[in-house]
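The following report describes the architecture of a protein chain, proceeding from its strands and sheets to its cores and overall dimensions.

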Amino acid sequence: MASASVEDAFYMARALHLAKQGLYTTAPNPRVGCVIVRDHAIIAEGWHQKAGLAHAEIEALHKLEQAQGATAYVTLEPCSHFGKTPPCCDALINAGIARVVVAMQDPNPLVSGRGLEKLKMAGLEVVCGVLEDDAQALNRGFISRMRRQRPFVRAKLAMSLDGRTALASGESQWITSAQSRADVHRLRAESSAVLTGINTVLADDPLLNARVDFEIQQPIRVILDSELKMPLHSKLLSAPGRCLILTGVRNEEKAQHLQREGFEIHCLGLIDGRLDLYEVMRFLADQQINEVLIEAGATLNGAFLNANLVDELIIYMASCILGDQARGLFHLPDVQTMSDKITLKLRDVRQIGQDVKLTFTRV
């Protein structure tokens, strides 16, 4: 495969910038950008805006009268199969594109590399791997679903300086600043689904939607409710979008009542009376959910962390102290000695209002 140049990296950076325009709208599809260059100048560009609409390559080609001899920069391997839209490989070949530079191969193992091979067989020069790390970071949820058959999971928590999430009474509004709460809504907007447990629903009656001032695709709300305790009337249904209840009991009468209210009910397996979190993740992947944001209490957060199902942990640390009688972040009864501790890697620190936002990954 041909080698890349500094110019290739420059134009790929532009394509990645375009791909980010679809950050809140493309699910379940990946975020993809395309730049077409001829004689060292951009002659067209596009990005995938929403599932069912034209892919980035097609968007860019539609802005050209002729693309003969040009180079196409694409953040993801052009598709070689028919889906809701025709193959982008064919469009690039038929348009007369001479060279295609790709950031990363398609993560779907069933088709990975086929698009690149089709382009090469048609006589196009192909370069792959330009700014690959950036492209993978942009679509880590899609990659996780394709390669691991589960979504990328991010857990969000808010705590005081002494690591407490709520008073002993359960009161928790508001530990963090208005700026941090606005940032959480952006996290929700970026996510395919927001997940919580039934105890959080019963205690707080949350909406779990993203309240932002720009166009988004609202996240699916997912409630883990092993015993189907969901009340028939909940604020969850006053916000638009799907709301799934995942349960482990078959109570047809209660399920029918909830379904009439607008919930979707799905029965999954239990382990020791609690939902099998690995089965939950496989189910969500089957629902074409790329990224999950967990907003839950100490028990569910601890269960996900203990199961090694948290890919990223975001903690908003407020400038307050709640004392040793207040509630902690995680319920982890198996952590008894220092050798049992869960070690994290700090990835990012930034100030938001009067709070500090900490981003961690597992070591």
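## The five-stranded sheet

Strand β1, residues 33–38, pairs with β2 in the antiparallel sense, and six bridges join them. Within this pairing, C34 has G46 of β2 as its bridge partner. The model described here is a predicted one.

Both strands belong to an open sheet of five strands with mixed pairing, ordered β2-β1-β3-β4-β5. The edges are formed by β2 (41–47) and β5 (125–128); each has a single partner strand, so one side of each is left without a neighbour in the sheet. From one strand to the next, the twist averages 15 degrees.

## Helices on the five-stranded sheet

Helix α1, residues 6–19, lies across β1, β2, β3 (71–74) and β4 (99–102). Its direction is at about 140 degrees to β1. Helix α4, residues 114–121, lies across β4 and β5 and runs at about 155 degrees to β5.

## The nine-stranded sheet

A further open sheet comprises nine strands in the order β11-β10-β9-β8-β14-β6-β15-β18-β17, again with mixed pairing. Its edge strands, β11 (264–267) and β17 (344–352), each pair on one side only. Neighbouring strands of this sheet are turned against each other by 20 degrees on average, direction ignored.

Several of its pairings are parallel. Strand β9 (residues 220–224) pairs with strand β10 (residues 243–247) in the parallel sense over four bridges, and V222 has L244 in β10 as its bridge partner. Strand β14 is joined in the parallel sense to β6 over four bridges and to β8 over three bridges. On the β6 side, F152 is bridged to E291 of β14; on the β8 side, A193 is bridged to V292 of β14.

## Cover of the nine-stranded sheet

In a regular strand, side chains alternate between the two faces of the sheet. For β14, both faces are covered: E291 and L293 on one side, and V292 and I294 on the other, are all buried.

Two helices lie across strands of this sheet. Helix α6 (residues 140–148) lies across β6 (152–159), β14 (291–294) and β15 (312–317), and runs at about 130 degrees to β6. Helix α7 (residues 178–190) lies across β6, β8 (193–197), β14, β15, β17 and β18 (355–362), and runs at about 160 degrees to β15.

## A buried glutamate in β15

E312 is found in strand β15. With a relative accessibility of 9%, this residue counts as buried, because the cut-off for that class is under 20%. Beyond residues up to four places away in sequence, E312 touches R140, F152, V153, R154, A155, T359 and F360. By C-alpha position, E312 and L332 are 18 Å apart in space, with their positions 20 residues apart in sequence.

## Nonpolar cores

In soluble globular proteins, nonpolar side chains tend to be buried together. The largest nonpolar core here has 40 residues, of which M12, I36 and I97 touch the most other members. Helix α1 gives the most to this core, contributing six residues. The contacts of I97, not counting residues up to four places away in sequence, are I36, L61, A67, A70, A72, L92 and L124.

Apart from this core lies another, of 33 residues. Among its members are I220, V222, L246 and F283.

## Overall dimensions

The secondary structure of the protein comes to 11 helices and 18 strands. The radius of gyration is 23 Å, close to the 21 Å that the globule rule gives for 363 residues, so the protein is as compact as a globular protein of that length. Along the principal axes, its C-alpha atoms fill a box of roughly 70 × 45 × 40 Å.

Of the 363 residues, 49% count as buried. The accessible surface comes to about 17400 Å², and 49% of this area belongs to carbon and sulfur atoms. Among contacts in the protein with a separation of 6 or more, 70% are made by residues 24 or more positions apart.

Methods. Residues are numbered from 1 along each chain as its sequence is written. This is a predicted model: local features need pLDDT of at least 70, side-chain atom pairs count only at pLDDT 80 or more; totals for chains, interfaces and linings use all residues. Side-chain values use heavy atoms; hydrogens and water are left out. Two strands pair if DSSP finds at least two bridges between them. Axes are lines fitted to C-alpha atoms, for helices over the stretch in contact, and angles run from 0 to 180 degrees between N-to-C directions. Contact means heavy atoms within 4.5 Å. A nonpolar core is a set of buried Ala, Val, Leu, Ile, Met, Phe, Trp, Tyr and Cys residues joined through side-chain atoms within 4.5 Å. Buried means under 20% relative accessible area, exposed over 50%, partly exposed in between (1.4 Å probe, protein chains only). The radius of gyration is taken over C-alpha atoms; the globule rule is 2.2 Å times the number of residues to the power 0.38. Accessible areas come from the Shrake-Rupley method with a 1.4 Å probe; for residues, only the protein chains shown count as cover.
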